[in-house]
Amino acid sequence: MSNLSRRKFIITAGATAAGTLLAHGCSSGPTTSSGGATPAAGGASPTAAPAVNINPADAPEVTAAKLGFIALTDSAPLIIAQEKGLFAKYGMKDVQVTKQASWPVTRDNLELGSDKGGIDGAHILSPMPYHMTLGTITKGNQPVPMNIVARLNTNGQAISLSKKYLDLKVGTDSAPLKAAFGQNVPVAMTFPGGTHDLWMRYWLAAGGINPDTDVSVIPIPPPQMVANMKSGSMEAFCVGEPWNAQLVTQKVGYTALITGELWKDHPEKALALRGDWVEKNPKAAKAITMAVLEAQQWCDKAENHDEMCQIISQDKWLKVPVADIIGRSKAQIDYGTGRIEAASPVAMKFWADNASYPYKSHDAWFLTENIRWGYIPATTDIKETVDKVNREDIWKAAATALSVPAAQIPATTSRGVETFFDGVKFDPEKPEEYLKGLAIKKA
């Protein structure tokens with residue numbers, strides 16, 4: 001990809017610098033909440049005091065780590081783990097969770113590492129740790145090995161359109177937009193080769209729109225999506241919540257579809273740590289994973305949704321009105337077209353249906369799609385790369401330590417053949433056949 005993702009972003013140097021300052025200077029220490037907590041698997045409480053009886057053999061090598069997040073609803077597990085004292089509960093009493101201005105800032109701070117003023121891990125787009133490990137988006141194309149230790153959520157994103165296309169009432173079929181858009185209309189995502197880019201590209205291509213020649217796909221940081229739609233800088237975007245809901249609330253545009261309609265229970269964000277940090281601190285990596293898994297269990301409980309949204313809406317976290325977060329967090333989807341789903345079956349999940357487990361088969365799809373669009377070499381060894389980055393073994397160790405029921409711990413690293421909304425199937429054992437069958441592609 002020759003560093004193209006690094007220089008094509010519509011982000012000024014000033015914005016990047018401001019994001020770095022945020023990452024270094026706006027950390028929030030753990031604050032324990034006393035209300036609304038329900039026990040997690042194994043009887044552990046999310047409001048439990050820091051562990052005082054850790055077996056010395058299991059004690060983390062360090063008590064500190066710096067983790068980044070982007071202002072998106074699916075960062076909730078990191079925020080809740082911090083606010084509920086869960087990192088401290090498992091011996092990581094000095095964890096800092098710091099806001100990042102954009103995905104490029106997240107990448108830059110991961111490249112630095114905390115010892116050089118950056119971060120050790122992050123709430124991140126699932127393909128990004130692979131790009132960093134391969135060196136396709138890093139400074140000088142130097143590999144920065146990363147490890148995925150958990151998936152943070154499934155579903156929960158959406159593709160939104162400007163209100164000028166409201167009469168078309170476009171849904172999963174993007175074909176009507178080919179004539180309506182004209183040539184090179186700007187459509188936005190959040191990072192080249194990231195999940196939002198892949199959802200947008202898949203959706204357009206399925207409707208016969210070539211994302212590389214028929215439109216102009218541009219990157220915009222998630223919190224800037226609504227403002228850019230208001231200003232007319234783009235006609236469509238794909239991003240996580242709460243920005244799609246906010247677009248509808250402000251009557252600037254509408255939701256064409258939520259991404260679970262493209263691929264039911266698709267993987268989305270991940271919890272990733274620098275590979276060298278995991279190597280030096282394997283027990284600390286497990287402790288962080290335990291805290292986040294417990295937070296995911298808590299976030300998925302219906303009785304906690306109101307409190308979760310109240311917490312993450314705060315200025316130090318998402319800085320968004322609760323009203324823009326709560327509906328879709330409860331699977332209530334107002335599309336802004338008159339269509340309202342009271343209980344969508346493909347809304348965001350943090351724990352249910354193995355949402356937290358990082359299936360290797362899903363990462364194989366992310367790599368295959370990145371090959372499809374020319375972001376990584378076609379010669380990339382998918383299995384070898386996934387095995388290097390995906391540390392589902394750490395997830396399983398953390399889940400076992402949390403006494404997660406065996407039925408909730410997948411017995412295989414593959415979820416099997418996946419079927420998309422247009423009938424296309426992806427067999428993780430035969431990614432080359434999937435690529436061959438796609439009509440619109442680079443590779």
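A residue is called buried when its relative accessible area is under 20%. Keep that cut-off in mind as you click through this predicted model.

**Stop 1: helix α8.** Select residues 195-206, which make up helix α8. This helix is mostly covered, with 11 of its 12 residues buried. Among the buried ones are His196, Asp197, Arg201 and Trp203. Now check the length: at 1.5 Å a residue, the 12 residues should span 16 Å, and the end C-alpha atoms are indeed 16 Å apart. Step just past α8 to glycine 208, where phi is positive, at about 85°.

**Stop 2: the largest nonpolar core.** Which residues touch the most other members of this core? Select Phe87, Trp203 and Trp365: out of 127 residues in the core, these three have that role. Then colour helix α12 (residues 282-299), which gives the most to this core, with 11 residues. Zoom in on tryptophan 365 next. Leaving aside residues up to four places away in sequence, Trp365 touches Leu198, Trp199, Tyr202, Trp263, Phe420, Phe426 and Tyr434. Leu198, Trp199 and Tyr202 take you back to α8, where they are buried. Another core, of 5 residues, lies apart from the largest one; Ala158, Ile258, Tyr335 and Val346 are among its members.

**Stop 3: threonine 133.** Go to helix α6, residues 128-134, and pick out threonine 133. Is Thr133 buried or exposed? Its relative accessible area is 10%, so Thr133 is buried. Show its contacts beyond four places in sequence, and you'll find Pro143, Val144, Pro145, Met146, Lys388 and Val389. Finally, draw a C-alpha to C-alpha distance from Thr133 to asparagine 147: 14 residues apart in sequence, they sit 8.7 Å apart in space.

How values were computed
Residues numbered from 1 in each chain as written. Predicted model: local features only at pLDDT ≥ 70, side-chain atom pairs only at ≥ 80, totals over all residues. Heavy atoms only, no water. Helix = DSSP H or I, 4+ residues; strand = E, 2+ residues; numbered from the N terminus. Buried < 20%, exposed > 50% of the residue type's maximum accessible area, 1.4 Å probe, protein only. Contact = heavy atoms within 4.5 Å. Core = buried A, V, L, I, M, F, W, Y, C linked by side-chain atoms within 4.5 Å. Expected span 1.5 Å × (residues − 1).
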